Amino acid sequence: MQDPIGIPACFSSSEKLSDDPAAVTRSGQSVVMSIYRTKLADHCRLISVTWCKNLLLHGLSVSVEGPDGESQYTCKVELKPWYFWRKNGSKRFIVDNKPVDILWDLKNAKFNGETEPNSEYYVAVVCDQEVVLLLGDLKKDAYKKTGCRPSLIDPILVSRKEHVFGKKKFSTRAKFHEKGRPHEISIECRNRAVVNNNGNFPSGVEPEMEIRLDGHLLIHVKHLQWKFRGNESIHVNKLRVEVFWDVHDWLFSPGLRHALFIFKPVMSSSTSLSSLSSSSSSSPPLSSLTSTPLSSQTGSSGSLESLNPSGSSEFCLFLYAWKVE
């Protein structure tokens, strides 16, 4: 299964961003890429914020889409322990003859062992005296530093792409809508012993997979060798989420390979953000689980990343799970 996404390796100041997925496997690094759509330099553009982590350093990359939709302006930040002066700063580049400033303060950022920080930091993108994108919890510090006002247009999180490593279990956290709370997603693949007809002795093993949300088992795929591609619908509070998987390379390709999981919220006409917000603030139990037929788009010749279910929201979570033997 080919990975069409350019993966920035954790970089040094003299290195370029790598478009080779093998860079991820060579360094054993975790990567989290969030893509936002907002108005910048008089046009609607995509801004990519990428965090990467390996044994030596944390890396941050912020890229702004260029005028032709392909070229990008990129700011790269290293967080090596001995580079204390790089943990806060700024960089400016010109997009369509307008200055764009990237400002960051990561001096006291709390990572808690994760690739992406969860508190005590900010990353801001400024253009035309507006903060068009602001990440982190130090928002007051960011506005004071930039001296600029918030943008009148809120940025939209288009997609989130993560690369994680593990032997049998893979986990992440994600929000399925802006007003919701983060959910714990865990995926586990293991071999189940198959007993003989008498029910006494194991006659072999077969792989199976479990997908849990906040500890609740929502999807259990038996006979995974036959169902290595598929999809099912789950309900998180009042929101339907389509879950797609492709674990072919886990089972049939030698060496270090990744499986791909996609979580796609689907907004029905009767679903409102206010109802989702009120239901998400209550405690689980979360979900009901319904099965859907295997999508023709997840067949052997299809690409999971071309999915666009009718009525779906814009956000999509792509999880690349690298199985380490």
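**Notebook: rings and cores**

I began with two aromatic residues and found that tryptophan 51 is buried, as is phenylalanine 111. A reminder to myself: this is a predicted model.

**Ring pairs**

How many aromatic pairs does a search of the whole structure find? My search turned up seven aromatic pairs. One of them joins tryptophan 51 and phenylalanine 111 edge-to-face, with 6.3 Å centre to centre and 75° between the planes. I then checked where each partner sits. Tryptophan 51 belongs to strand 2 (residues 43-53), while phenylalanine 111 is in the loop between strand 6 (98-105) and strand 7 (122-127), so this pair ties together parts that are 60 residues apart in sequence.

I turned next to tyrosine 73 and phenylalanine 93. Their ring centres are 5.7 Å apart and their planes are at 15°, so I noted this pair as stacked; the cut-off for stacking is planes under 30 degrees apart. Tyrosine 73 is in strand 4 (residues 72-78) and phenylalanine 93 in strand 5 (residues 88-95), so the pair links distant parts of the chain, 20 residues apart.

Is each of these two rings buried or partly exposed? Tyrosine 73 has 23% relative accessibility and therefore counts as partly exposed, because buried means under 20%. Phenylalanine 93 has a relative accessible area of 10%, so I wrote it down as buried.

I also found a cluster: ring pairs link Trp51, Phe111 and Tyr121.

**Charges over rings**

Which lysines lie over a ring? Lysine 161 lies over the face of phenylalanine 318, at 5.7 Å from the ring centre. Lysine 323 has its charged end over the ring of tryptophan 250, 5.3 Å from the centre of that ring.

**The whole protein**

I stepped back for the overall numbers. The secondary structure comes to four helices and 19 strands. Of the 325 residues, 48% are buried. The accessible surface is about 16,500 Å², and carbon and sulfur atoms account for 50% of it. Among contacts with a separation of 6 or more, 50% are between residues 24 or more positions apart.

**Cores**

The largest nonpolar core has 58 residues, and Trp51 turns up again here: it is among those with the most contacts inside this core, along with Leu40, Ile47, Val125, Met209, Phe261 and Phe263. Strand 16 (residues 239-246) gives this core its largest share, four residues. Where does this core lie? Domain 1 (26-154) and domain 2 (164-195 + 204-268 + 312-323) both give residues to it, so it lies between them.

I listed the partners of phenylalanine 263, leaving aside neighbours within four places in sequence: Phe176, Ile185, Ile187, Ile211, Val241, Glu242, Val243, Cys316 and Leu317. Apart from this core lies another, of nine residues, including Tyr122, Ala124, Val131 and Ala142.

**A last stop: leucine 319**

I found leucine 319 in strand 19 (residues 316-323). Its relative accessibility is 0%, so leucine 319 counts as buried. What is leucine 319 in contact with, once neighbours within four places in sequence are left aside? I noted Glu162, Val164, Thr172, Ile187, Ala259, Leu260 and Phe261. Ile187 is thus a contact of leucine 319 and of phenylalanine 263. I also looked up isoleucine 262: C-alpha to C-alpha, leucine 319 is 6.3 Å from isoleucine 262 in space, with their positions 57 residues apart in sequence.

Methods: Residues are numbered from 1 along each chain as its sequence is written. This is a predicted model: local features need pLDDT of at least 70, side-chain atom pairs count only at pLDDT 80 or more; totals for chains, interfaces and linings use all residues. Side-chain values use heavy atoms; hydrogens and water are left out. Rings of Phe, Tyr and Trp (its six-membered ring) pair if their centres lie within 6.5 Å; planes under 30 degrees apart count as stacked, over 60 as edge-to-face and the rest as tilted. Helices (H or I, at least four residues) and strands (E, at least two) are DSSP runs, numbered from the N terminus. Buried means under 20% relative accessible area, exposed over 50%, partly exposed in between (1.4 Å probe, protein chains only). A charge sits over a ring if NZ of Lys or CZ of Arg is within 6 Å of the ring centre and within 35 degrees of the ring normal. Contact means heavy atoms within 4.5 Å. Accessible areas come from the Shrake-Rupley method with a 1.4 Å probe; for residues, only the protein chains shown count as cover. A nonpolar core is a set of buried Ala, Val, Leu, Ile, Met, Phe, Trp, Tyr and Cys residues joined through side-chain atoms within 4.5 Å. Domain bounds come from an automatic or database domain assignment.
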